[in-house]
Amino acid sequence: MFKLPTCPHCNTIYRYGDVKKTINEKSHKCYNCKKDFKVSKKGLLVLLLLLIIFEITVNLLELNIFANINFMALTVTNIVVIIAFLVFIPFFISYKKDKK
C-alpha cells in the first residue's frame with residue numbers, strides 16, 4: 001500500500017505529481033504504452049482509518065499530558081495531522097487493468 005502505483009500493462013512507475021493529477025479521473029491512459037487503465041481509490045479507506053486512529057491517539061495523549069490544554073490547541077494539532085496525511089494520498093492510489 002505504501003508505494004506509488006505502476007501501470008498494470010507495462011509496469012511504468014508513476015511519479016508523485018503524475019499520480020496527484022490522476023486522482024480525480026476514473027480512467028487514465030499510460031504515457032508509456034498508451035493503454036487505458038482504471039484509477040482505483042479503494043486504498044483511501046485504509047488511509048482514512050489510519051488517520052482516525054492516529055488522531056484519536058494524538059488527542060488522548062495531548063489531553064493526558066497537558067493539564068490545561070484548550071480547544072484551539074487541539075484543533076491546530078488535528079489540522080496539522082490531517083494536512084500531513086493528505087501528502088500520503090498518492091501512495092494509496094492503485095491502477096487496475098480496464099475490463100474493456
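Trainee: Which residues of α3 are buried?
Mentor: Keep in mind that this is a predicted model. Helix α3 covers residues 71-86, and buried here means under 20% relative accessible area. The residues of α3 that count as buried are L74, N78, V81 and F85.

Trainee: Within what arc do the buried residues of α3 fall, seen down its axis?
Mentor: An α-helix has 3.6 residues a turn, so residues three or four places apart point the same way. In α3 the buried residues line one face of the helix, because they fall within an arc of 65°.

Trainee: And which exposed residues sit on the face of α3 turned away from that buried side?
Mentor: Exposed takes over 50% relative accessible area. On the face of α3 turned away from its buried side, the exposed residues are M72 and V80.

Trainee: Is A73 in α3 buried, partly exposed or exposed?
Mentor: A73 belongs to helix α3. Its relative accessibility is 30%, and values between 20% and 50% count as partly exposed. So A73 is partly exposed.

Trainee: What do the buried residues of α3 pack against?
Mentor: Look at it from the other helix too: what covers the buried residues of α2 includes α3. From the α3 side, its buried residues pack against α2.

Trainee: How far apart are the end C-alpha atoms of α2?
Mentor: Helix α2 runs over residues 43-65. Its 23 residues should span 33 Å at 1.5 Å a residue. The model agrees with that, since the end C-alpha atoms are separated by 33 Å.

Trainee: Which residues of α2 does E62 join as buried?
Mentor: E62 is part of helix α2, and its relative accessible area of 12% makes it buried. Along with E62, the buried residues of α2 are G43, L47, L51, E55, V58 and N59.

Trainee: Which residues is E62 in contact with, leaving aside its neighbours within four places in sequence?
Mentor: One clue is A73, 11 residues from E62 along the chain, with 9.3 Å between their C-alpha atoms. Another is that the buried residues of α3, which include L74, pack against α2. The contacts of E62 are I69, L74 and T77.

Trainee: How far is the C-alpha atom of E62 from that of C30?
Mentor: These two residues are 32 residues apart along the chain. Their C-alpha atoms are separated by 45 Å.

Trainee: What is the area of the nonpolar surface patch that includes L63?
Mentor: L63 is in helix α2 and is partly exposed, at 45% relative accessible area. It makes the patch together with L45, L48, L49, I52, I56 and L60. The area of this patch is about 650 Å².

Trainee: Which residues does S40 touch, not counting those up to four places away in sequence?
Mentor: S40 is in strand β2, residues 36-40. At 12% relative accessibility, S40 is buried. The residues S40 touches are I93, S94 and K96.

Trainee: What is the phi of K34, about?
Mentor: Most residues other than glycine have a negative phi. K34 sits in the loop between β1 and β2 and is exposed, with 54% relative accessible area. It is not a glycine, yet its phi is positive, about 65°.

Trainee: Where is N11, which has a positive phi near 60°?
Mentor: N11 is a residue other than glycine, and at 56% relative accessibility it counts as exposed. Its place is the segment before α1.

Technical notes. Residues numbered from 1 in each chain as written. Predicted model: local features only at pLDDT ≥ 70, side-chain atom pairs only at ≥ 80, totals over all residues. Heavy atoms only, no water. Patch = residues over 30% accessible without salt bridge, like charges linked within 9 Å, V, L, I, M, F, W, Y side chains within 5 Å. Areas by Shrake-Rupley, 256 points an atom, 1.4 Å probe, with all protein chains shown as cover. Salt bridge = Lys/Arg side-chain N within 4 Å of Asp/Glu carboxyl O. Helix = DSSP H or I, 4+ residues; strand = E, 2+ residues; numbered from the N terminus. Buried < 20%, exposed > 50% of the residue type's maximum accessible area, 1.4 Å probe, protein only. Arc of directions from axis to C-beta. Contact = heavy atoms within 4.5 Å. Expected span 1.5 Å × (residues − 1).
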